[in-house]
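Subject: A structure for you to look through

Dear colleague,

I am handing over the structure we talked about, with its sequence, so that you can open both and follow along. Please have a look before reading further.

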Amino acid sequence: MQQKWWHGKTAYQIYPRSFKDSNGDGVGDLPGIIEKIPYLAELGIELLWISPIYKSPFADMGYDISDYQDIDPVFGSMEDFKRLKAEADKYGIGIIMDLVVNHCSDEHEWFKKACADPSCKEASYFIIREGKDGKVPNNLRANFGGSVWDKLPGHDNLYYCHFFHKKQPDLDWFNPELRQKIYEMMNWWLVDMGIAGFRVDAIMCIGKDPSYPQYEPDDVGDGMCSCGKMNSDNVDVAINFLHEMNEQTFRKHDKFAVGEVFGISKENVADFIGDNGVFSSIFDFSAREALTGHYCFYGFEKLSVARYREVVFAAQETAGDCGFLAPVIENHDEPRGVSTWLPPMWHNAKGAKALGTVNLTLKGIPFIFQGQELGMLNTRFDNIDELDDCQSKDQYAMCKAHGLSETVTMQVLNDQARDHGRVPMSWDDSEYAGFSTVKPWMKVNQDKDTVNVATEAKDPDSVLNYYRKLIKLRRDPQYKEIFTYGEFVPMDDPNGHTLAYLRRTSDRTIMVVANFGAWPVQFPVNESSTILLSSDRVKVENNQLTVAEGSSAIVLL
Ligand code: GLC
C-alpha cells in the first residue's frame, strides 16, 4: 500500500446547522465553527468534514445545492469560509467539503434554464425524458419515496429524474461537458481554496442505465422498484466515471476523498480504495447495511453485539491490506451509535467509551460525528412536529398509511430517524445547551445537563476526556505506525458480547478488547504486557487480562 499524508489521521464530522450558533438565529454557522476550532484541536482532530454549507433552499438540508461556489447566508459568507480555513490551518486541521454531484437543487441556475428551454445546453446536464403513454418513463422509486420522475415544470410530457427529493434533480453523468464543469468546480475548491479534500455524497447513484428500462417490481407492492437496483446493476458505470474524476481532481492534486459507498465486496474493494482505486477511503457502513434489511424502517430490528462484531470484522477483512475503510458509528443520517449498536444496559458513558475504543482502533481512518465524543444518545422525540428531516416526514406518512398507531410510529422514528444526528451539539447545561441564545431550529437533547462539553471537560473520567486520551494514543509517535498500518487480526468472542482483536506489525502487537456483556471477560497475555489505555475496570494479573463488563482495554503485548 502506498503511504499517504492522510494515513493515521483522525477525522471529525460537523453538521453545521447544529454545531454552534454565533449570531443568535437558532441555526449553527461558520463563525460558530471558527470559535470551536481550538476545541477540535484539543480533541486531536486533523481532518474536518463539514456537511454542506453551499447556497441551498434546504429541501434536503443543504444536500440540494443551488450554487456550488458560494456559501449560504444562513451559515455566513465566503469571507467567513476563508477565515475558517485560516483558523483550521493554524492548528493543522484540513477541511473536507461535502461533494454532492449526483444531483443539485431545482433552484440551481442550470435547472431553471432547463425548464425555460429543454433544448438548451444546461438542459442536457439533467436526465429529461418523454413520458410513456401519458405516464412516467419507468417504474423506479426514489430514495425518499414516490417515483424518481416528476414533470419538468412548464412542460406536459417531459419528466426529469431525481433519485432523492423532487427538489434534487439528478445530473446526467453521461454528459462529458457536465463532468468537466464538475471537475473545474472541484479543483477550484481543492486548489484555489486549498481544502484537504471531499466527502463524496451518494455517489454510487451516478451508476445509471441511460435507457431507463422498466424494472421487475420489488416486494413493496406499489408496482415500483427501488432506484438502488439500477445503481447496484451499474456499479461499473459509476466506477468508470469516478476513475476519471479521481485522475482529474484528487490524484492530480494529492487530495483526500472519502466516498459514501454501500455494498463493497472482496471483488470490488480495490476499485474503491486500492492504490489505483477511485477514493482514498470509503465509510464502513457494514453494520448499517446489516440493520437495514427492509425498504421501510418499520422492519427495524436491533443487531446483536455478536452480529455487529461479525459484520464489522468482515469489513476489516474485506479491506485487508488493500486500503483504508473509514470506521464510523454514526453520522447525520443515523441515530446515535451508542443507542443503536449497544444493548440498553450500555446506553451510558461506559458504553460510549468502549464503543469509542473500537471506532478509533480498527484499521482505517476513523470519523467521529459531533457529540459522539460526549457520548450523546438518541433524542426523545414526542411528536412528528419535533422532527424536521424530509425522510422522517415521509416515513411517518408511510407508517401511518400502513396502519401503524401513533405510538408505534413515533417509536420507529425514535429508533431510526436521521434527526438524531441533527439536534444541537451540547456545549453546556444552559437552556439551549450553549448552542444558541435563542430556541434552536431543533430541540436540544434531553441529557444536556450532564452530557455536555463544559461538564465533561471538568471530569477526568468523562467520555470527552477518554476520547482525548484515545486520539492522543493514536497520534503518539511510538504507536502511530501500528494503529495506522498494523494488520487487523480478529480474536474469538468469549461471551457473545465482546469485540476483541489484535493490531500487529512485524515487531509489536496491540490487543484491543471491548466487552459489552454483563460479566468480565479474560484473555491470556504476556508477563510484560502493559495496559496502554482502559475505559473502566481492567487488570493484568498472572498473565491474564480481565476486562470488566462495559469496559475496554488497549494492551501492548
Ligand atoms: C447522502 C447524505 C444525505 C442526503 C443524501 C442525498 O446520503 O448523507 O444526508 O440526504 O445523500 O444527497
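Below is what was found, ordered from the whole chain to the ligand and then to single residues.

Please keep in mind from the start that this is a predicted model.

**The chain as a whole**

The domain assignment divides the protein chain into domain 1, which is made of the stretches 11–101, 176–379 and 446–465, domain 2, which covers 109–161, and domain 3, which covers 487–556. If you take the centres over C-alpha atoms, domain 2 and domain 3 are separated by 56 Å.

**The ligand and the residues around it**

Which residues come nearest to the ligand? Of the 14 residues around the ligand, these are Asp60, Asp201, Glu260, His332 and Asp333. Sorted by class, the shell around the ligand holds seven charged residues, four nonpolar ones and three polar ones.

Several side chains can be followed to oxygen atoms of the ligand. In the side chain of Asp333, an N or O atom is 2.4 Å from a ligand oxygen, while for the side chain of Asp60 the corresponding distance is 2.5 Å, and for the side chain of His103 the distance is 2.9 Å. Taken alone, the ligand would expose 310 Å², and the protein buries 95% of that.

His332, one of the residues that come nearest to the ligand, sits in the loop between strand S14 (324–327) and helix H11 (337–341). Is His332 buried or exposed? His332 counts as buried because its relative accessibility is 1%, and the cut-off for buried is under 20%. The side chain of His332 makes a polar contact with the side chain of Gln13 at 2.9 Å, and another with the side chain of Asp333 at 3.2 Å.

**Salt bridges**

The count of salt bridges comes to 38. Asp60 and Asp333, both of which you have already met beside the ligand, belong to a network of salt bridges that also links Asp389, Arg418 and Arg422.

Three further pairs are useful to look at one after the other. In the pair of Glu79 and Lys82, the closest N and O atoms are 3.9 Å apart. Both residues lie in helix H2 (residues 78–90), where they are three residues apart, or about one turn of the helix. Lys82 has a relative accessibility of 42% and therefore counts as partly exposed.

What separates the next pair along the chain? The side chains of Asp106 and Lys167 meet in a salt bridge with an N to O distance of 2.9 Å. This pair links distant parts of the chain, 61 residues apart, with Asp106 in the loop between strand S5 (94–99) and helix H3 (109–116), and Lys167 in the loop between strand S9 (158–161) and helix H4 (176–192). Lys167 is partly exposed, with a relative accessible area of 22%.

The third pair is Glu487 and Arg504, whose closest N and O atoms are 3.3 Å apart in their salt bridge. Glu487 lies in strand S16 (residues 487–490) and Arg504 in strand S17 (residues 498–504), so this salt bridge ties together parts that are 17 residues apart in sequence. Glu487 is partly exposed at 40% relative accessible area, and Arg504, at 35% relative accessibility, counts as partly exposed as well.

**Some single residues in loops**

Two residues deserve a careful look at their backbone angles. Phe58, although it is not a glycine, has a positive phi of about 60°, and Met61, which is not a glycine either, has a positive phi of about 50°. Phe58 is found in the loop between strand S3 (54–55) and strand S4 (67–71), and Met61 is likewise found in the loop between S3 and S4. Phe58 counts as buried at 15% relative accessibility, and Met61 counts as buried at 12%.

Finally, Pro217 has its place in the loop between strand S10 (197–200) and strand S11 (225–226), and with a relative accessible area of 42% this proline is partly exposed. How far apart are Pro217 and Leu140, in sequence and in space? They are 77 residues apart in sequence, and their C-alpha atoms are 8.7 Å apart in space.

With best wishes

Methods: Residues are numbered from 1 along each chain as its sequence is written. This is a predicted model: local features need pLDDT of at least 70, side-chain atom pairs count only at pLDDT 80 or more; totals for chains, interfaces and linings use all residues. Side-chain values use heavy atoms; hydrogens and water are left out. A residue is near a molecule or strand if one of its heavy atoms lies within 4 Å of it. A polar contact is a pair of N or O atoms within 3.5 Å; within protein, one must be able to donate a hydrogen and the other to accept it, and residues adjacent in sequence count only if both atoms are side-chain atoms. Accessible areas come from the Shrake-Rupley method with a 1.4 Å probe; for residues, only the protein chains shown count as cover. Ala, Val, Leu, Ile, Met, Phe, Trp, Tyr, Cys and Pro count as nonpolar, Asp, Glu, Lys and Arg as charged, and the others, Gly among them, as polar. Domain bounds come from an automatic or database domain assignment. A salt bridge is a side-chain nitrogen of Lys or Arg within 4 Å of a carboxyl oxygen of Asp or Glu. Helices (H or I, at least four residues) and strands (E, at least two) are DSSP runs, numbered from the N terminus. Buried means under 20% relative accessible area, exposed over 50%, partly exposed in between (1.4 Å probe, protein chains only).
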